[in-house]
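Opening the notebook on this one. I want to go through the fold, the sheet, the hollow spaces and a few single residues.

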Amino acid sequence: MPEPDGAPRRRDERSRVQRASMRESSGRDGPVFGALDLGTNNCRLLIARPARTGFRVVDSFSRIVRLGEGLSRTGRLDAAAMDRAYDALALCAERVVRRGVDSARLSAVATQACRQAENGEEFIDRVRRGTGLKLRIIDPAEEARLSVEGCLNLFDPGAEAVLVIDVGGGSTELSWLRKSGAEMKTVAWMSAPLGVVTLAERHPEPEASTDAWYEAMVGDMGAALAVGTFDDPEFRRLFATGRGHLVGTSGAITSLAGVHLNLRRYQRDRVDGLWMTRTECDAAAERLKILGPKGRAAEACIGPDRADLVLAGAAILDAVQRAWPSERVRVADRGLREGLLLQQMREARKPQRRRRGRGRGGQTSGAAAPET
C-alpha cells in the first residue's frame, strides 16, 4: 500500500496522497482487496470485496499509457512513456489509500514492458519512491496462470478443451486446458513476444488499409506461434470435433466485440461472456479495415487511443484461430487483475495459525481469519 508520508518532495510527489485519514475504511462490509496491472499498453486497477460467488467491485481504474512505446526499437522505456505511466499509477495510489486497501491485500504487478526494458527495474524503483506502490515484475508463466484464473467461470461446462488467449501490448500468452475429472487443468502454455503495440510498430498502417498489410500481421503472429506452440493430437481432435473453444481476453478483443454488437457506448455487461463465431470475428475485422484510422477512432468502443492498435489485436486473434480452428470464441472483459484478486481472496480464507496467549476468561486467544 502507498506510504502516505516521508517521501522526498520532487516532481513525482505532486499526486501523492499526504494523509492516510482519507481512507474510507468500511470494516463491517468486509475487507477490500486491490489488484493493479501495469502492462505495455494499459494501467489498470481493480478494488473489490469478497462475495459469495466471487467478489463485488468497489472501484476500478483504467488508462492507456503505452509504456512500451518504442521499446521494440530501443530496448528501453521512453521518458515520456514513463511519465504517462507514472501519472496513472499516482492516481491508482490515491484510490488505494482512499478505499482503505491494506498493504497485505494489494497485489501490484508489471508485465512485458518492464520485463523487457533495460531500465524496467529503474522505473519500478521510481514508482516505489514516488507513490509508495511496490510493483512486482511477474514472469510470463505467472501472467498466463493469472489470466486463466480470472476467466475460469467463462468456460463452457460442456467443453473438454479450452485455449485462453491473453493479448497484451507487448506479448500474448496462450494457455491450453483440458478437462480432468470435473476440472479444467492447464496442460501447456506459451508466451509469444508479440502484442498489439509491438505488432503495430512492426507493421505501420498504410494510408489505405490493405489485405496484404493485414495478412502480414497475421503471418508475423503465426510465425511466432509456430516457434513454441503446443502440438497435441488429442487436443486438436477435441477442437476439430467441436468439443473445445477459445477464450479471448484483451482490450483489442473486447473492442472487436463492441464493433460486432454495434454498441453506441461500451457496455461491459453485453461484452463480457459474449460468444462470437469465427465468421463474426472475421466480419468485425473486415469492418475495422474498411473504417480506416479516422473511422475507428470515432467508434465508441475503440476511440483514438486504440484506433491504431485494434486491428493488430484482430490479427493476433485471427492467427490463433487459424492455428487452432474453433467455431466459437468467448469474449472476456476480465483476466489478470481478476486472477490476482481471486488468488488473494482464496489465500485470505485459509485458516491462520493460532497464536499462543491468554485471552479473557483464561481462553487461548488467536488471530481471526480475514472476514470473507
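My entries follow, from the whole chain down to single residues.

**Ground rules.** This is a predicted model, so I take local features only at pLDDT of at least 70 and side-chain atom pairs only at pLDDT 80 or more, while totals for chains, interfaces and linings use all residues. I number residues from 1 along each chain as its sequence is written, and side-chain values use heavy atoms, with hydrogens and water left out.

**Whole chain.** I find 13 helices and eleven strands in the chain. Here helices (H or I, at least four residues) and strands (E, at least two) are DSSP runs, numbered from the N terminus. Of the 372 residues, 53% count as buried; buried means under 20% relative accessible area, exposed over 50%, and partly exposed in between, with a 1.4 Å probe and protein chains only. I also looked at contacts, meaning heavy atoms within 4.5 Å. Among those with a separation of 6 or more, 69% come from residues 24 or more positions apart.

**The five-stranded sheet.** What is the strand order in the open sheet of five strands? I read β3-β2-β1-β4-β5, with mixed pairing. Two strands pair if DSSP finds at least two bridges between them. At the edges I have β3 (54-64) and β5 (136-137), each pairing on one side only.

Next I went pair by pair. β1 (residues 33-38) and β4 (residues 106-110) run parallel and are joined by five bridges. L38 has A110 as its bridge partner in β4. β2 (residues 42-51) and β3 are antiparallel, with ten bridges. These two strands, β2 and β3, make a hairpin with two residues between them, and A51 stands opposite G54 in β3. A note to self: in a regular strand the side chains alternate between the two faces of the sheet.

**Helix α5.** I checked the length of α5 (residues 140-151) first. Its twelve residues at 1.5 Å a residue should span 16 Å, and the end C-alpha atoms sit 17 Å apart, which agrees. The expected span is 1.5 Å times one less than the number of residues. Is α5 mostly covered or mostly open? Mostly covered: nine of its twelve residues are buried. Among them are E142, E143 and E149, along with L146 and V148.

**The second largest pocket.** α5 turned up again here. The second largest pocket holds about 200 Å³ of space. For the record, on a 1 Å grid over the protein atoms alone, a cavity is a set of points where a 1.4 Å probe fits but cannot get out, and a pocket is an open set with protein on both sides within 12 Å along at least five of seven lines; lining residues have an atom within 4 Å of a point. Grid points are joined across faces, edges and corners, and a volume is the space filled by probe spheres set on the points.

I list A141, A144, R145, V148, E149, L152, S175, T186 and W189 as the pocket lining. α5 gives the largest share, five residues, and both α5 and β8 (183-192) supply at least two. By class I get five nonpolar, two polar and two charged residues. Ala, Val, Leu, Ile, Met, Phe, Trp, Tyr, Cys and Pro count as nonpolar, Asp, Glu, Lys and Arg as charged, and the others, Gly among them, as polar.

**The second largest cavity.** I count two cavities of 30 Å³ or more. The second largest has a volume of about 50 Å³. Its lining is Y214, L256, C281, D282, A285, A314, L317, D318 and Q321. Which helix gives the most to this lining? α12, with four residues; α11 (278-298) and α12 (310-323) each supply at least two. The classes here are six nonpolar, one polar and two charged.

**Two arginines in helices.** R337 is in α13 (residues 336-349) and is buried, at 13% relative accessible area. Beyond its neighbours within four places in sequence, R337 contacts A35, D37, R44, L45, L46 and F61. R128 is in α4 (residues 120-131) and is partly exposed, at 40%. With the same neighbours left aside, R128 contacts L133 and K134.

**Positive phi.** I noted R66, a residue other than glycine with phi near 50°. R66 lies in the loop between β3 and α1 (71-74) and is buried at 17% relative accessibility. N262 has phi near 55°, and sits in the loop between α9 (251-260) and α10 (268-271). At 51% relative accessibility, N262 counts as exposed.
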